[in-house]
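Got the model open in your viewer? Let's walk through the ligand site and the pockets, one selection at a time.

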Amino acid sequence: MSGVVVLAGGVGGSKFTLGVRAALATLGEPEATVIVNTGDDIWLSGVRLQPDVDSMIYALAGANDTERGWGRAGDTERVNTELQAWGTGWPWFTLGDLDLGTHIARTGWLRDGLSPTEVLERLSKRWPLGAKLLPMTDDEVDTHVLLKNGERLHFQEWWTRYRAQLPPAGFENPGIAGSFAAPGVVEAIEDADLVLIAPSNPVVSIGPILAVPEIREALRATGGPVIGVSPIIGGNVVRGMADVCLGAVGVRTAADAVAAHYGARLDGGVLDTWLIAEEDAELAASVEALGISVDVVPLWMRDAETAEALAVAAISAGR
Ligand code: GDP
Ligand code: CA
């Protein structure tokens with residue numbers, strides 16, 4: 001048994017993972033294995049960025065900028081200013097100096113021939129993270145946005161430059177159908193006594209993870225229950241632009257619609273149980289009609305205590 005496995009994106013995913021880490025410590029259980037979305041990744045100014053991986057590392061290390069919501073606390077932008085003076089990179093995309101240190105270290109190790117999994121193992125050694133991090137895949141499957149006008153943009157340009165305001169017709173991760181799960185990912189899921197799907201963006205954070213064929217198969221096959229946490233509370237995204245992403249793939253911004261999008265395990269999907277907010281209690285019956293059991297719990301992660309309480313609720317739902 002490999003204990004608890006979490007599937008997660010960046011900011012929402014890491015808030016939830018902090019809660020899981022605290023809950024498992026309180027219960028005296030082994031550290032979780034966290035499978036992190038790499039669909040956010042991009043090559044920029046010659047370095048490999050892995051925004052969700054880095055959000056997870058920085059948050060678990062306590063080195064993240066909690067006010068701004070991304071990057072390193074106390075970061076500066078001297079190198080970014082210099083890059084822009086050279087006319088390289090994207091003027092709307094800020095790279096912090098400390099953050100660039102991470103990207104340069106990662107890129108150097110990739111150039112030395114290490115796999116993304118091996119690189120993440122090295123990056124994970126700097127701080128005691130209290131969880132084992134794995135990328136979903138070692139293959140490059142960056143997310144592209146297909147616009148309604150027929151154009152195609154890298155997800156980071158659509159998200160950061162256009163603030164998700166250009167109407168999307170869909171999302172694509174070229175090559176993902178032929179990608180492989182990173183080493184250890186399938187084993188972790190198959191041996192898990194519990195798999196938790198974090199309240200991350202269902203389309204561009206959890207979507208790519210579930211689109212890696214071996215990961216989907218492992219989730220379908222695992223003997224442990226698969227428990228998902230709704231990122232939608234009272235018909236709204238808590239923060240970010242997940243509603244725009246959901247609309248593009250024809251899913252309403254509602255807790256029951258996201259559950260239907262993931263689907264019941266007994267009906268070809270991935271969920272056994274779905275945690276919804278008290279504000280959405282009236283949607284419980286429509287989720288249960290899908291063949292997914294429901295727990296109604298407080299879903300707001302306002303601080304360390306509420307994140308831990310949510311993780312305890314998710315773990316208890318599976319035990
Ligand atoms: P990103 O990769 O940095 O965009 O972050 P994620 O994909 O991991 O998380 C974004 C999602 O987290 C959004 O869709 C939010 O609705 C959700 N989210 C953020 N804070 C909370 C919270 O406190 N509770 C719940 N249930 N969802 C949250
Ligand atoms: Ca992300």
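Start by selecting helix α1, residues 11-27: with four residues, this helix supplies the largest share of the shell around ligand 1. (Helices are DSSP runs of H or I with at least four residues, strands are runs of E with at least two, and both are numbered from the N terminus.)

A word on ground rules: this is a predicted model, where local features need pLDDT of at least 70, side-chain atom pairs count only at pLDDT 80 or more, and totals for chains, interfaces and linings use all residues. Residues are numbered from 1 along each chain as its sequence is written, chains are lettered from A and ligands numbered from 1 in the order in which they are written, and side-chain values use heavy atoms, with hydrogens and water left out.

Next, show what surrounds ligand 1. There are 21 residues around it, and S200, S205, P231, L299 and M301 come nearest (near means a heavy atom within 4 Å). The shell splits into ten nonpolar, eight polar and three charged residues. Here Ala, Val, Leu, Ile, Met, Phe, Trp, Tyr, Cys and Pro count as nonpolar, Asp, Glu, Lys and Arg as charged, and the others, Gly among them, as polar.

Now turn on distances to the ligand's oxygen atoms. Backbone polar atoms of N201 and M301 each show up at 2.8 Å from an oxygen of ligand 1, while for G12 the distance is 3.3 Å. (For polar contacts, look for N or O pairs within 3.5 Å.) Taken alone, ligand 1 exposes 590 Å², and the protein buries 93% of that (Shrake-Rupley areas, 1.4 Å probe).

Zoom out a little: ligand 1 sits in the largest pocket, meaning that more than half of its atoms lie within 2 Å of the pocket's grid points. A pocket is an open set of points on a 1 Å grid over the protein atoms alone, where a 1.4 Å probe fits, with protein on both sides within 12 Å along at least five of seven lines; lining residues have an atom within 4 Å of a point.

This pocket holds about 1,100 Å³ of space. Select V11, G69, W70, W159 and R239, which lie nearest its centre among 45 lining residues. Then colour α2 (51-61), the top contributor to that lining with five residues.

Last stop: the second largest pocket, at about 420 Å³. Of its 21 lining residues, V11, K15, L18, N64 and T66 lie nearest the centre. Which helix gives the most to this lining? Go back to α1, which provides six residues.

Methods. A polar contact is a pair of N or O atoms within 3.5 Å; within protein, one must be able to donate a hydrogen and the other to accept it, and residues adjacent in sequence count only if both atoms are side-chain atoms. Grid points are joined across faces, edges and corners, and a volume is the space filled by probe spheres set on the points.
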